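Here is a walk through one protein chain, written for someone who would rather look at the model than at a table of angles. Keep the viewer open while you read.

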Amino acid sequence: MAAGGSTQQRRREMAAASAAAISGAGRCRLSKIGATRRPPPARVRVAVRLRPFVDGTAGASDPPCVRGMDSCSLEIANWRNHQETLKYQFDAFYGERSTQQDIYAGSVQPILRHLLEGQNASVLAYGPTGAGKTHTMLGSPEQPGVIPRALMDLLQLTREEGAEGRPWALSVTMSYLEIYQEKVLDLLDPASGDLVIREDCRGNILIPGLSQKPISSFADFERHFLPASRNRTVGATRLNQRSSRSHAVLLVKVDQRERLAPFRQREGKLYLIDLAGSEDNRRTGNKGLRLKESGAINTSLFVLGKVVDALNQGLPRVPYRDSKLTRLLQDSLGGSAHSILIANIAPERRFYLDTVSALNFAARSKEVINRPFTNESLQPHALGPVKLSQKELLGPPEAKRARGPEEEEIGSPEPMAAPASASQKLSPLQKLSSMDPAMLERLLSLDRLLASQGSQGAPLLSTPKRERMVLMKTVEEKDLEIERLKTKQKELEAKMLAQKAEEKENHCPTMLRPLSHRTVTGAKPLKKAVVMPLQLIQEQAASPNAEIHILKNKGRKRKLESLDALEPEEKAEDCWELQISPELLAHGRQKILDLLNEGSARDLRSLQRIGPKKAQLIVGWRELHGPFSQDLERVEGITGKQMESFLKANILGLAAGQRCGAS
């Protein structure tokens with residue numbers, strides 16, 4: 001069946017290639033346009049580990065169903081025909097005699113260097129329950145697994161690369177979480193509750209609120225990791241006494257910051273993932289809570305298989321969001337990480353179906369293509385404002401005065417003049433970094449050596465051209481801004497000096513002298529105006545020596561106008577007082593009396609201060625006592641002052657009505 005197995009494998013490869021060609025036809029234009037900018041592809045590497053028998057020996061009644069052929073291939077019995085075998089080929093195969101060091105050195109250790117380049121990496125342990133995934137990732141004190149070995153080497157690399165004198169400063173942080181029944185739980189802080197998975201604008205997967213612990217040594221890692229591992233959910237089944245009931249994810253983040261210009265920063269992430277195993281509830285005997293946990297585990301692993309199939313077939317939609325596990329593994333499968341899948345299988349025949357399922361998933365996973373890239377950016381303070389000293393802001397003449405006589409007598413030594421002049425020939429990027437004098441002297445000596453050998457201005461900083469031009473442009477803009485401020489400061493100083501000189505010449509300021517045309521007076525008298533009906537105004541205007549005052553609106557101000565010339569005292573008045581002539585008052589009395597005697601209740605309501613109730617009272621009083629007489633002040637105890645204000649208000653209304661009728 002070897003030929004049959006290889007034929008089936010070739011058919012699967014051809015189907016995957018044709019599907020990729022069909023899906024790539026729609027993306028051919030994008031690939032041609034951005035071919036130079038897309039990162040190089042990196043296939044998911046798959047390693048298979050075969051654990052030994054649980055009792056240590058293979059009984060004659062239960063021979064192994066899997067046999068390794070070489071370091072990259074294996075064969076398994078065909079359940080349809082026991083005389084034939086199925087062959088699988090992967091990137092690495094580790095038999096039952098392999099050690100933890102063999103697996104780590106052969107598959108995991110080579111990807112750690114990518115973290116120092118600002119790229120992401122992930123290691124996944126996959127397989128059925130009881131196949132040895134947790135042992136592969138964690139191990140034991142005598143045989144450490146992938147996680148302790150990777151952390152030990154990674155911390156050693158960061159100490160070497162981040163030592164004094166190296167261009168980069170490195171720091172390492174760790175986070176530890178589990179996915180239990182579709183809930184993301186922080187193992188470092190179990191009280192935080194269910195966390196959410198987000199995606200930033202650049203497509204990076206992140207978990208807000210997840211604890212991050214800085215670590216600088218392996219002792220720091222153990223201090224945080226060992227208590228958190230005891231918080232992981234485990235349970236006993238028929239197949240495993242300590243079965244993992246959740247997916248555990250250890251996230252190690254390496255942050256790098258450049259010490260010299262252009263002050264770049266890099267960020268690399270390492271995902272170490274111990275997946276929970278798929279379970280057959282008929283053999284595990286799960287009930288109640290264990291059955292619910294098993295359902296959540298199998299569902300997430302089923303979605304993981306759908307994601308791998310969608311990536312291999314080039315489907316437009318990859319169901320990452322159908323499960324918390326696949327959402328978190330979005331960067332590891334089809335993303336930007338260097339991924340290693342370690343498929344753990346068991347040799348017993350009772351695990352045959354689980355072993356075949358795990359091998360098929362591993363065979364599909366090795367066709368997934370990732371595109372790792374370097375997560376690099378400029379530090380926030382690299383393009384910040386340039387901080388200059390007071391002497392640089394004042395300039396050479398002002399700085400000489402600001403130093404004072406003591407510093408001026410001491411002066412600067414002559415040997416420093418040569419480096420200062422030479423530093424002007426260097427790139428202006430050196431203003432952005434506070435260099436050590438010894439380092440600056442070494443750079444200057446190197447520059448003089450290159451100049452003596454005929455080098456055409458070799459750059460001291462191997463920065464990319466675009467970043468260097470951006471920084472140089474920023475420095476030039478800051479220099480122009482400083483020059484502008486200096487010029488403005490000089491103009492303000494000259495203006496202040498001119499004002500002081502002018503004040504010295506004129507001891508008595510002119511602004512304090514009183515104006516000749518202004519007169520200081522006390523309380524101003526009120527203006528007087530007379531409001532009369534239009535007919536009386538016309539009659540009095542026809543008579544000689546008549547003096548009538550009216551209120552007239554002109555523009556936005558109301559001013560007093562007279563038909564004849566006014567007195568000078570009256571022109572100086574600013575306020576108004578209403579004064580009614582006796583004739584107009586008598587005429588108004590008669591009009592109001594006629595209205596009270598003959599008008600209806602509706603006519604009475606047209607008067608000021610007369611509402612519906614008062615109008616009805618007036619009509620009733622008139623019916624009982626007869627018409628009103630001239631002596632209105634005796635009606636119902638009305639005082640003379642009240643009657644006068646009543647007459648003034650109504651006389652003004654009658655006068656306004658007559659003017660409107662005349663017009």
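Lys87 sits in strand β5 (helices, H or I of at least four residues, and strands, E of at least two, are DSSP runs numbered from the N terminus). With a relative accessibility of 28%, Lys87 counts as partly exposed; buried means under 20% relative accessible area, exposed over 50%, and partly exposed in between, with a 1.4 Å probe and protein chains only. This is a predicted model, where local features need pLDDT of at least 70, side-chain atom pairs count only at pLDDT 80 or more, and totals for chains, interfaces and linings use all residues. Residues are numbered from 1 along each chain as its sequence is written, and side-chain values use heavy atoms, with hydrogens and water left out.

Which way do the neighbours of Lys87 along β5 point? The side chains alternate: Leu86 and Tyr88 face one way and are buried, while Thr85, Lys87 and Gln89 face the other way and are not buried. That fits the general pattern, in which side chains of a regular strand alternate between the two faces of the sheet.

**The small sheet**

β5 belongs to an open sheet of three strands in the order β3-β4-β5, with antiparallel pairing (two strands pair if DSSP finds at least two bridges between them). β3 (66-68) and β5 (85-89) are the edge strands with a single partner each, so one side of each has no neighbour in the sheet. From one strand to the next the twist averages 25°; axes are lines fitted to C-alpha atoms, for helices over the stretch in contact, and angles run from 0 to 180 degrees between N-to-C directions.

Strand β4 (residues 73-77) is joined to β3 by three bridges and to β5 by five. Val66 stands opposite Ile76 in β4, and Leu74 has Tyr88 in β5 as its bridge partner. As for Lys87 and Val66, they are 21 residues apart in sequence and 9.9 Å apart in space, C-alpha to C-alpha.

**An enclosed strand**

Now move along to β8 (residues 168-179). Of its 12 residues, 10 are buried, so the rest of the structure largely encloses this strand. β8 pairs in the antiparallel sense with β15, with β12 and with β9. Here are those pairings with one facing pair for each:

| Partner of β8 | Bridges | Facing pair |
|---|---|---|
| β15 (residues 247-258) | 12 bridges | Ala169 and Arg257 |
| β12 (residues 213-215) | three bridges | Thr173 and Pro214 |
| β9 (residues 184-186) | three bridges | Ile179 and Val184 |

The hairpin of β8 and β9 has four residues between the strands. What is unusual about phi at Gln181, given that it is not a glycine? Its phi is positive, about 50°. Glu182 also lies in the loop between β8 and β9, and its phi is positive too, near 60°, again in a residue other than glycine. Gln181 is partly exposed, with a relative accessible area of 22%, and Glu182 is partly exposed at 31%.

Another backbone detail turns up past β15. The peptide bond from Ala261 to Pro262 is cis, with omega near 10°, and Pro262 lies in the loop between β15 and β16 (264-274).

**A pair of helices**

Packed helices are described by the angle between their axes and the distance between the axes. Helix α5 (residues 146-161) and helix α6 (residues 218-229) pack at about 140°, with axes 10 Å apart. Their crossing is right-handed, meaning that the near helix is turned clockwise from the far one by less than a right angle, whereas anticlockwise would be left-handed.

What meets what here? Ile147, Pro148, Leu151, Met152 and Leu155 of α5 meet Phe218, Phe221 and Phe225 of α6 (contact means heavy atoms within 4.5 Å). The residues of this contact divide into eight nonpolar, no polar and no charged; Ala, Val, Leu, Ile, Met, Phe, Trp, Tyr, Cys and Pro count as nonpolar, Asp, Glu, Lys and Arg as charged, and the others, Gly among them, as polar.

**The whole chain**

Zooming out, the chain has 20 helices and 23 strands. Of its 663 residues, 37% are buried. Among contacts between residues at least 6 apart in sequence, 68% join residues at least 24 apart.
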